[in-house]
Structure formats: C-alpha cells, structure tokens
Amino acid sequence: TQRAGHRGWPRQKVAARVSAIKAGPMRMSAFVLTSVLAARSAYADDVVAEVDSDDTVAADDAAGTVDATEISASGSLGVGAFDARAASTLDLGVDLRRHELSIGIGGRLRLVAGDGLRTADWDEADEGLRFVRYLTYRHPGREPADTSWSVALGPLSGVSLGHATLLSGFTDSLNVDHGTSGAHFRLSSPRVDLEAMVDGLANPWLFAGRGAVAFGEGWQVGATLALDRDAPGGAGGPRALGAVSGDVSWRPLDVENGWTGALTADVVHLVGLGSGVHAGVETEFRKARLATLKLEAQARLGTSGYLPGWFSALYLIERVQFGLERGAAGIGQVSAAQQTDFSGVGLRLAATVADPAWGRVEAAYELRAKTHDLATARVLLPTFASVQMGAWLALTRVTPPFGAPPPASAGLTGALALEARVPLPRSLYLSAELARVLGDGAMPQELAPVWIASVGVGAVLR
C-alpha cells in the first residue's frame, strides 16, 4: 500500500470523510444489512488505508490536532415486513473509533406478526457473537518498506484471495436462520504477503489462507489453501473438501501515480473433483494515490468437476442447494460437481472504482462453462450528496445442464441487500432497507427465499 502524504489535511477532516468506510458503510444498525453491507475484509479499501496514514498523524501531532476517541450511540425503531408478515424492529448500537481501531457493538430485536420476538436471530453461538457488529484494526508501517498488518472480526463480505480463482467474493450471513461472525487477517511487506480467513468464530467450517513472495523485477509467486470441513451433498454424505492453488504474476508496468498493469496465471485443484487453469490481465489507474480505477479480465479452463471461484459470493447457500431455491433440494455444490460436466472455457470480468470523496463501487461477472453465470456488485457511498447508501448484490440465472431441456425451476435468482439513510434535524435520521436472503425451507437441506423490508427513524448521540 502506498503512502498518502496529504499533510495539509487536519486529521479530524480525514476521519470524517473516511471513517464511515473504514468501519463499514453508514455504521449501519440493521441486523441483516449490517451482516452483508457493513461486513469488511481485513484490508478493505486501499483508499482508506492510504488517506488515514501515519504521515497524516505525524502532521497533526505537530499541529496539536490529534483526534481523541470518537464514541457514538444510536437507536432506531422500524416497521415493515419479514417473509410476507408484518414486523417491527428495535436497533441499538455503540460505535467507538480511536486511531486505527474501530469497534461497533449492538444488534436488532425483531417482532414478527404471529411469532412474537424472533429468537432465531440469536439462538446459535455465532449469532450471539454478532453483538460485535464489527471490529477492525490496521497497523500501518511508517515507511513504504515497513510491514503492515490488519485484522477484521464480524460478518465477512466480498473476501477474495489472490486472483479470485479459488476464494472469489465470499460472503457469509446470507442465511437468515444461521448467522455467522468470522475473521480476516492480512500482513503485507515489500517481499511477503500473508492472508487468512475463517467464516465463523464459534463453529467455523471454512478456512482459507494464502502466502505470496515477491522476487526479481515485478514477479510474485503464491499459494492458496482452503478447506470446507463439512461440505454437504457429496456422495456418501457430508465430507471435508480441500482445495489448493498456485499462482504467478508479473507486473511489467508500475507507475507510482498513473497506470499499473499485471499478467497473472493460476493452477487450481479441488481435491476429488477436478482442476483448472486461469490466465488473466489486470490494470489499475491511480490518481494522486486516492481515486482508483481497476479493471480485470481472466480466462478459465477446467475439467469436468471443476467450478472456477469455487468459494463464491453465494457459496454459503450453494454448498447446501446448488442453484439456490431454484436448485434441487439436497443437491449441494459438491453433488452438482460430481454429477454434472462443468468442463470448458469460462471468463471473469471485474471493475472497481474508488474515491474517498464519495465511496467505492465494485462489479464482476463470471461466465461459467455449462452452468449458471454469476454477477456480483457492491456499492458503498457513505458521503454521497448527504445521503448514505449501501448495496450488495449477487445474481445468477439458473440453467439446465448442457443440452438438457429447461426445467420449470430455471430462471433468475440471487441475494441482495440495500439501505439508505437520510439525515434529519436534531441528530435524527430516516432509514429504509430492503433485503432478499434465504432461510431454511420446509424440508431438510431445502432453502427458501426471504424478503425483508423496513422503514425507520433513529437518532445518534455523540
């Protein structure tokens, strides 16, 4: 990560512009939307890391303007619907920020018509841990050659490792009946990068990590390991699923304030299922080390049981029911890979635009051989025209196996979460949210869509 070097900005102004991104968009209090939108990877937004740097701290120390601990409390009441039934909500939260540490605690109580208090939001160990809505800490180096590290606890969103060939935008808390709270760690130095994640703290099932070493002029080699210790739906019942990948990249163009580019190659193996190879190109434009535009294109070729980006944005759902609610109950991703020929050529296209003045937009499209494609998007706009907005979306169009007639269940499906907050006088705010997630169906290992919508009024105390 490059240094920002904006010594002329008072630290308080920097914090006001980027702390909402750093701690998750809008410091959201919504239970489901916090899980999906306010969740962050450990290194999250590079623009935040760059602006909120020790260069700025040193300048503010000299000027006597170092910020103190920032503490705020919030609460809101909302009315709306949960799974086609009237519902009301009470959200309470406390947020703390000091230097590179950000913590948010709190949660939501939901009353649903006919059921009363919905205890299923808190009846599992990992759900109980979600009273810590987020915890992020970043230790930046004071010089470009120093080692930096960061850690995040809480629901995870959009986590990718390496070139997104194995872990590609993984997001948890998409099942409204089984929430999780995970962890993500990253360490970076001029020569070595290390990264690790776990999907849950109380009852984890997904573990992944990557290490990479830089050498020569712009070269880097890396390896990624991942394990789903209890992947459902395979032959003979649940099984441990391991995966490994090796990658190499070459960055022939590296301009400090301008265009950069890289060529990438990966080999991936899913133990007992199949293998694939990937070749890609990445390019990025950075303006004054703040605004960034990043474009990626990657070609993929796999064997019969190989699905690129296996641990995808929808993997939490598709590991149980491939194709979400439009898939066959009890046929998870492992079963689908064993029974269906996924071999062929695929393509992944991705774009990211980020600027600390307004936020971040990410989008990706994965063209997958002989199965449904996947489109994802993530929008974080914490300071856009006085309105705070956030959105997360993953869509897929379920199609039949290659050459087979279309089943009645074929069609568009996915998950989404949207929220907007508008400031009102006297520290009040108006909020609106909409989410489509999935929950347990009537049969074992069956999933059903759940729509959630609400409008609320809240207040913030500082």
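Arg210 is buried in the predicted model, with a relative accessible area of 11%. Its side chain meets that of Asp247 in a salt bridge, with an N to O distance of 2.8 Å. The pair links distant parts of the chain, since Arg210 belongs to strand β9 and Asp247 to strand β11, 37 residues apart. Asp247 likewise counts as buried, at 6% relative accessibility.

This pair belongs to a protein chain of 462 residues, of which 52% count as buried. The secondary structure of the chain comprises seven helices and 21 strands. Among contacts with a separation of 6 or more, 58% are made by residues 24 or more positions apart. The exposed area of the chain is about 18800 Å², and carbon and sulfur atoms supply 64% of it.

In total, the structure holds 16 salt bridges. One of them joins the side chains of Arg110 and Asp121, at 3.4 Å from N to O. Arg110 lies in strand β3 (residues 101–112), whereas Asp121 lies in the loop between β4 (116–117) and α5 (125–128), and eleven residues separate the two. Arg110 has a relative accessible area of 2% and is therefore buried, the limit being under 20%. Asp121 also counts as buried, at 0% relative accessibility. Both residues take part in a network of salt bridges that also includes Arg118 and Asp177.

A further salt bridge is formed by the side chains of Asp228 and Arg319, at 3.0 Å from N to O. Asp228 lies in strand β10 and Arg319 in the loop between α6 (315–318) and α7 (333–339), so the pair ties together parts that are 91 residues apart in sequence. Asp228 and Arg319 are both buried.

The nonpolar interior was examined next. The largest nonpolar core has 40 residues, and those with the most contacts inside it are Leu167, Met197, Trp310, Phe311, Leu314 and Tyr315. Two or more residues of this core come from each of β9, β10, β11, β12 (259–270), α6, α7 and β18 (387–398). When neighbours within four places in sequence are left aside, Tyr315 is in contact with Phe170, Trp205, Asp228, Ala231, Leu241, Trp310 and Gln333. Asp228, one of these contacts of Tyr315, is also the salt-bridge partner of Arg319. Apart from the largest core lies another, of nine residues, among them Phe82, Ala87, Ala417 and Ala435.

Strands β9, β10 and β11 contribute to the largest core and also to a nonpolar patch, to which β8 (192–198), β9 (206–215), β10 (219–231) and β11 (239–254) each supply at least two residues. This surface patch covers about 770 Å² and is made by Val192, Leu194, Val213, Phe215, Trp219, Val221, Val248, Trp250, Leu263 and Val281. Trp250 is situated in strand β11. With a relative accessible area of 33%, Trp250 is partly exposed. Strand β11 thus holds both the partly exposed Trp250 and the buried Asp247.

Note on methods. Residues numbered from 1 in each chain as written. Predicted model: local features only at pLDDT ≥ 70, side-chain atom pairs only at ≥ 80, totals over all residues. Heavy atoms only, no water. Helix = DSSP H or I, 4+ residues; strand = E, 2+ residues; numbered from the N terminus. Buried < 20%, exposed > 50% of the residue type's maximum accessible area, 1.4 Å probe, protein only. Contact = heavy atoms within 4.5 Å. Areas by Shrake-Rupley, 256 points an atom, 1.4 Å probe, with all protein chains shown as cover. Patch = residues over 30% accessible without salt bridge, like charges linked within 9 Å, V, L, I, M, F, W, Y side chains within 5 Å. Salt bridge = Lys/Arg side-chain N within 4 Å of Asp/Glu carboxyl O. Core = buried A, V, L, I, M, F, W, Y, C linked by side-chain atoms within 4.5 Å.
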